[in-house]
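Let's take a walk through this one together. We'll begin at the ligand and then move on to some aromatic rings.

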Amino acid sequence: MNPDGSLLSARDLRKSYGSTPALDGASFSVHPGEVVAVMGPSGSGKSTLLHCLAGIITPDSGTITYAGRELSAMSDAERSALRRGDFGFVFQFGQLVPELTCVENVALPLRLNGVRRKDAERTARGWLERLEVDGIGGQRPGEVSGGQGQRVAVARALAASPKVIFADEPTGALDSLNGERVMELLTEAARSSNVAVVLVTHEARVAAYSDRDVTVRDGRARDAEYIA
Ligand SMILES: Nc1ncnc2c1ncn2[C@@H]1O[C@H](COP(=O)(O)OP(=O)(O)O)[C@@H](O)[C@H]1O
Ligand SMILES: [Mg+2]
């Protein structure tokens, strides 16, 4: 944990792509077990903020602190170990590996962490069951529906027992019923494991599952309660 009780926090992040400022002094924090929705219009910097927080891209300036350690002080190898070991990811289209079955996809983060195939696949099957898609474990992502694929993606994000889950528009490609079910399962699983969830969305009905909303406008993040 960080000294302020948060698990992950960012201060005054700036990031430009050429002359386009994507982040312009954004600050953010999330506590263990907390679901924070990052809201804001398209192009406001939500994905850039999420990618910085997850150590996928490096901001031009500002600090990101995870569990008392500054990301910028870590080596690339340490940052990728952190992404593999402590972080889970769910993206808009799931981004499952098409050549692998659904069970193998969920087992993948465990396999990358050195878990034996048999054990990894047993754990994966348990998660598919919790996410109510155990019937499709042997199928490949191209053979299942969008809603099923996204549940598999959520199972994969949770399988390696992450401390933080980063979800970027996780329901964006789903109809509202599937979207709500995915959010229920994601937040339920996160709460029962005390996982911090950083949820990027522009949909109010998705943000309704969060404990707190942060709005990003023109690259600056604010807690909703501070917005006039
Ligand atoms: N890889 C990139 N190269 C150039 N510009 C980018 C890149 N990623 C994002 N941007 C720009 O940065 C701004 C913020 O983008 P993004 O973080 O994706 O916003 P959001 O997720 O809120 O839609 C936009 O103006 C976008 O065009
Ligand atoms: Mg985005």
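**From the ligand to the aromatic cluster**

Start with lysine 46: an N or O atom in its side chain is 2.8 Å from an oxygen atom of ligand 1. Keep in mind that you're looking at a predicted model. Threonine 48 also reaches the ligand through its side chain, with an N or O atom 2.6 Å from an oxygen atom of ligand 1. Glycine 45 uses its backbone instead, where an N or O atom lies 3.1 Å from a ligand oxygen. As for how much gets covered, ligand 1 exposes 560 Å² when taken alone, and the protein buries 57% of that.

Now step back and look at who else is around. The shell of ligand 1 is made up of Tyr17, Thr20, Ala22, Pro41, Ser42, Gly43, Ser44, Gly45, Lys46, Ser47 and Thr48. Sort them by character and you get three nonpolar, seven polar and one charged. Which elements do these residues come from? Strand S2 (20–30) and helix H1 (46–53) each supply at least two of them, and H1 gives the largest share, with three residues.

Next, the aromatic rings. Searching the whole structure turns up four aromatic pairs. In one of them, phenylalanine 87 meets phenylalanine 166 edge-to-face, with 5.0 Å from centre to centre and 75° between the planes. Phenylalanine 87 sits in strand S6 (residues 87–90) and phenylalanine 166 in strand S7 (residues 164–168), so this pair ties together parts that are 79 residues apart in sequence.

Are these two rings buried or exposed? Phenylalanine 87 counts as buried because its relative accessibility is 5%, under the 20% cut-off. Phenylalanine 166 is buried as well, at 0% relative accessibility.

Phenylalanine 166 has another partner in phenylalanine 89, and here the geometry is stacked: the centres are 5.5 Å apart, with 20° between the planes. Phenylalanine 89 belongs to strand S6 and phenylalanine 166 to strand S7, so the contact ties together parts 77 residues apart in sequence. With a relative accessible area of 17%, phenylalanine 89 is buried too.

So where do these rings end up when you put them together? Phe87, Phe89 and Phe166 join Tyr66 and Phe91 in one aromatic cluster. If you have the model open, try turning from the ligand, with Lys46 and Thr48 in its shell, to this cluster, with Phe166 as one of its members.

Technical notes
Residues are numbered from 1 along each chain as its sequence is written. Chains are lettered from A and ligands numbered from 1 in the order in which they are written. This is a predicted model: local features need pLDDT of at least 70, side-chain atom pairs count only at pLDDT 80 or more; totals for chains, interfaces and linings use all residues. Side-chain values use heavy atoms; hydrogens and water are left out. A residue is near a molecule or strand if one of its heavy atoms lies within 4 Å of it. A polar contact is a pair of N or O atoms within 3.5 Å; within protein, one must be able to donate a hydrogen and the other to accept it, and residues adjacent in sequence count only if both atoms are side-chain atoms. Accessible areas come from the Shrake-Rupley method with a 1.4 Å probe; for residues, only the protein chains shown count as cover. Helices (H or I, at least four residues) and strands (E, at least two) are DSSP runs, numbered from the N terminus. Ala, Val, Leu, Ile, Met, Phe, Trp, Tyr, Cys and Pro count as nonpolar, Asp, Glu, Lys and Arg as charged, and the others, Gly among them, as polar. Rings of Phe, Tyr and Trp (its six-membered ring) pair if their centres lie within 6.5 Å; planes under 30 degrees apart count as stacked, over 60 as edge-to-face and the rest as tilted. Buried means under 20% relative accessible area, exposed over 50%, partly exposed in between (1.4 Å probe, protein chains only).
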